[in-house]
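Here's a quick look around the inside of a protein model. Have the sequence and the 3D view open as you read.

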Amino acid sequence: MQTNIEVVEPKLYDAVVADEICAIVNEAVSDRGVCSVVLAGGSTPGSVYRLLSRPPRVDDLPWSKMRLILGDERWVPLEDNQSNARMVHDTLLAPLGGKAPELCRVDTSLKAPQVGAQAYEQAIRKVEGIEVKRSDGSDMLVFDLVLLGMGEDGHTASLFPGEPLLSALASVQALECEELRGRVCVAVSHPEGASSGVVAERISLTPAALFSARRVLFLVRGEGKAEMLKLVVEGDAAIDVLPSRLYTRALGRVTWFVDSPAAAMLSSVR
Ligand code: 6PG
C-alpha cells in the first residue's frame, strides 16, 4: 500500500486542509452522531484552525457534536505562549465564542508531568462518544480524526527521536508493546531539554492512541521540512529514530497534506 500524499500550493493549503477536516467531521457525525478530533500543536495548524472558526466553514461544522482533545502539550502554564492549549484557544475556541466545544487538555498546574499524564488519560477516557477497541487485553481509544505535525527532526506530537518508550516499540510491528499497552498518554521529554530554550517536559498521546484513529492527517509546510519529509516517507529509518514513521503502521488511514515547498525533494508524488 502506498503512502497517501496530497501536495498543495501554499496559497491553497489552509483551505484544502480545512475542507478535508470538514468532510471527515461531517461524515463521522453522520455515521456515529459524534466526532472526536485530536488537535495538533505547534505553529502549522493555527491558520487552519482559524479558517474553521470563521465563515463559511464555521457554519458547516456540527460543533456541539465534536469532541476536541489535544494530541500533546508542553509542561507550561496555560497562559504561556508555548502552550498548545493556548494556541488552540487563540486560533479556534476564542473566535468560536459560544459555539466552542470543550477542549480536553492537560492540567499543567498539577505537581508533575507524570501526574499530569495520568490525570489527562483519565480525562480523555471520560470524553463521551469515543469508541473503545479492546485488543490483547487493553482498551485503546479510536478517535475519528487525529491531526499531527512533523518536526524537522522527524518527531510527531511529542514523540521525539531516541524516546526510550519508542525503542521498545521499534522492535515490534504493532502500535503497542508491553511498556505502552493500554496507555493513551505519557509524560516524555524533549531530547535537547531546556538548555536549548525548548520546553523539556511534555505530555504526548501514545503511538497507539494517535494511530488507531479512523483518519490521521499530517500537516507539513515549508521548505525547511523537505529533507525530513523525504526521509520519513521514502526512507526506512526505525520509528525510534524518526517517530513520524509510525505512520507506516497505519498506512491506509493516514494522509499527508504537504505544501509544494515541503514536497520539493520527494521523488514520487501525485
Ligand atoms: C508541538 C507539536 C509538534 C509539532 C511539530 C511541527 O507541540 O510542537 O505537537 O509535534 O506538530 O513540531 O511543528 P510546526 O508546525 O511548528 O512546524
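Which residues do ring pairs link into a cluster? They are F211, F218, Y247 and W256. Keep in mind that this is a predicted model.

**Aromatic rings**

The structure has three aromatic pairs. Take Y247 and W256: their ring centres sit 5.2 Å apart with the planes at 90°, so this pair counts as edge-to-face. Y247 and W256 are both buried.

**Helix 7**

Now go to helix 7, residues 226-234, where the buried residues are A226, M228, L229, V232 and V233. Why do they end up on the same side of helix 7? Because they cover an arc of only 160° around the axis. As background, an α-helix has 3.6 residues a turn, so residues three or four places apart point the same way. The elements covering the buried residues of helix 7 include these:

| Element | Residues |
|---|---|
| strand 1 | 4-8 |
| strand 12 | 254-259 |
| helix 8 | 260-263 |

**Cavities**

How many cavities of 30 Å³ or more does the structure hold? There are three, and the largest has about 50 Å³ of space in it. Its lining is made up of I21, V37, L39, L52, W63, M66, L68, L92 and L147. Strand 2 (35-39) and strand 3 (66-70) are the elements that each give two or more residues to that lining. As for chemistry, the lining of the largest cavity counts nine nonpolar residues, no polar ones and no charged ones.

How values were computed:
Residues are numbered from 1 along each chain as its sequence is written. This is a predicted model: local features need pLDDT of at least 70, side-chain atom pairs count only at pLDDT 80 or more; totals for chains, interfaces and linings use all residues. Side-chain values use heavy atoms; hydrogens and water are left out. On a 1 Å grid over the protein atoms alone, a cavity is a set of points where a 1.4 Å probe fits but cannot get out, and a pocket is an open set with protein on both sides within 12 Å along at least five of seven lines; lining residues have an atom within 4 Å of a point. Grid points are joined across faces, edges and corners, and a volume is the space filled by probe spheres set on the points. Helices (H or I, at least four residues) and strands (E, at least two) are DSSP runs, numbered from the N terminus. Ala, Val, Leu, Ile, Met, Phe, Trp, Tyr, Cys and Pro count as nonpolar, Asp, Glu, Lys and Arg as charged, and the others, Gly among them, as polar. Buried means under 20% relative accessible area, exposed over 50%, partly exposed in between (1.4 Å probe, protein chains only). The arc is that of the directions from the helix axis to the C-beta atoms. Contact means heavy atoms within 4.5 Å. Rings of Phe, Tyr and Trp (its six-membered ring) pair if their centres lie within 6.5 Å; planes under 30 degrees apart count as stacked, over 60 as edge-to-face and the rest as tilted.
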